[in-house]
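Here is a friendly walk through one protein model, written for someone who would rather be at the bench. Have a look at the fold, then read on.

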Amino acid sequence: MSRQGLGLADPERENALLVGIIEAISAGPELGPLAANVARLISEATATDLCFVHVLDDTGETLTLTGATRPFDREVGRIRLPLGQGVSGWVARHQQPVVIVERKEDDPRYMPFPQLRGQDYTSMASVPMSSHPGGFVGVLNVHTRDRREFSDRDVRLLTSIGSLVAGAMHQARSHRRLAARERALERFAEQVIAAQEAERRRLAADIHDGITQRLISLRFHLDAATDALAEDPDFTAKQLVQALRLTRLTLDEAHAAINGLRPPVLDDFGLAHALASLARSTPGLEVAFELDECRLPEHVEIALYRIAQEALHNVVKHAQAGLAQLDLRYSSNEVSLRVTDNGRGFDAGSLPPGNLGGDGYGMSSMSERAELVGGRLEISSRPDHGTTVMATVPLR
């Protein structure tokens, strides 16, 4: 038995279908519901038995079944087709419609999916979904159990529907990317605030535990010296000597606190010199270094300096290493910082994927600093084989 095409000879039915498609497009920006509604509307309004909407994924290499009429809606998200494979893959690759009236199995482009029971359907029409200026987004297929002769008018109508859907899908993708960007900005703001608060807490603790306590002690010695000035010159001299010693210690701690806020050498000489000074001044550890001279955006220099500072601190505190290597490599595309030690190492595979925190090595702080400047942090280590910390930041 053979019937004619889409069965939309009546212009009113065709217009009703287009109006329904437009209403589905206006319902919301989500790809899944949009594809499902389009498949249902086409199948209900035409003389076809089945409609599939395959959408190109973000890689641009694979089609994913995103909308389907019952009972195949349960296969949505499970059927994937690389470009160039199957009829839909061919349509996607060549941007041209395909009509198969019968004997699909004889067409070299046909690739059966057992889940979709292609053997139960005789004829099919497949058209690309594309719009200007967005471009290609997927493939629209209709299938019939009985033999059908799809006309050029049918193909043009399906292509027009595909163009409408493509425009909506471009908007949906833009909406999704915008939402993802907003979420990333929210996380970025949270990380900035958390980093600032951590720095404030650290600085407050340093001032309270060091500078403040020494100033209190200094005042005590000066008060004692003042009281004993006339009666006991020797005692006064001892108090003044002690006060002088405390003054020097307080100045050293004040300088350390200032360096904790921002090392002046960064402003004066740049990142490479600041890292060299850090390597030479790391206590209890020999640090060799190879550093490319470069001037980077201020926030990138600070982030990389702090990562190096934390990494070397970890080596001294945890690694039981005698030697570390500090390298800074610069190119027009990216800058990379690497800290390697010959210490005891640890099982890096035990760290949770995508989460370097909670390990007691300050890795969460380093990772967050790298992410805040658009970079990434990689940790490689094995027991008794040392550790390598690698921070890479793209330069735009």
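## Helix pairs and a buried helix

The crossing of α8 and α9 is left-handed, a label used if the near helix is turned anticlockwise from the far one by less than a right angle, with right-handed used if clockwise. Before going further, please note that this is a predicted model: local features need pLDDT of at least 70, side-chain atom pairs count only at pLDDT 80 or more, and totals for chains, interfaces and linings use all residues. Residues are numbered from 1 along each chain as its sequence is written, and side-chain values use heavy atoms, with hydrogens and water left out.

Back to the helix pair. α8 packs with helix α9 (residues 363-372) at an angle of about 165°, and their axes are 9 Å apart. Axes here are lines fitted to C-alpha atoms, for helices over the stretch in contact, and angles run from 0 to 180 degrees between N-to-C directions. The two helices α8 and α9 are therefore roughly antiparallel; that word applies to angles over 145 degrees, while under 35 is roughly parallel, 65 to 115 is roughly perpendicular and the rest is oblique. On the α8 side, A303, R306, I307, E310, A311 and N314 meet M366, R369 and A370 of α9, where a contact means heavy atoms within 4.5 Å. By type, the residues of this contact between α8 and α9 are 5 nonpolar, 1 polar and 3 charged. In this scheme Ala, Val, Leu, Ile, Met, Phe, Trp, Tyr, Cys and Pro are nonpolar, Asp, Glu, Lys and Arg are charged, and the others, Gly among them, are polar.

Helix α8 (residues 298-319) also packs with helix α7 (residues 271-281), at an angle of about 15° and with axes 10 Å apart. That makes α7 roughly parallel to α8. The crossing of α7 and α8 is right-handed. From α7, the residues L271, A274, L275 and L278 meet E301, L304, Y305, A308, Q309 and L312 of α8. The contact of α7 with α8 involves 8 nonpolar residues, 1 polar and 1 charged. A general point helps when reading such lists: an α-helix has 3.6 residues a turn, so residues three or four places apart point the same way.

One member of that contact, Q309, sits in helix α8. At 29% relative accessibility, Q309 counts as partly exposed; buried means under 20% relative accessible area, exposed over 50%, and partly exposed in between (1.4 Å probe, protein chains only). Q309 and V339 are 30 residues apart in sequence, and their C-alpha atoms are 9.8 Å apart in space.

What about the protein as a whole? It has 9 helices and 13 strands, which are DSSP runs numbered from the N terminus (helices are H or I, at least four residues; strands are E, at least two). Of its 396 residues, 43% count as buried. Among contacts with a separation of 6 or more, 63% join residues 24 or more positions apart.

How many of the 9 residues of helix α3 are buried? The count is 7 for α3 (residues 86-94), so this helix is largely enclosed by the rest of the structure. The buried residues of α3 are G86, V87, S88, G89, W90, V91 and A92. Their cover includes the strands β2 (50-56), β3 (62-68), β4 (80-82), β5 (98-100), β6 (123-131) and β7 (135-144).

Some loop residues also deserve a look, and the table gathers two with positive phi that are not glycines.

| Residue | Phi | Loop | Relative accessibility |
|---|---|---|---|
| Q95 | about 55° | between α3 and β5 | 36%, partly exposed |
| D384 | about 70° | between β12 (376-381) and β13 (387-394) | 65%, exposed |

Q95 follows α3 in the chain.

The loop between β3 and β4 holds P71, and the peptide bond from R70 to P71 is cis, with omega near 5°. E75 lies in the loop between β3 and β4 too. Is E75 buried or exposed? At 9% relative accessibility, E75 counts as buried. Leaving out residues up to four places away in sequence, E75 touches L65, Q115 and L116.
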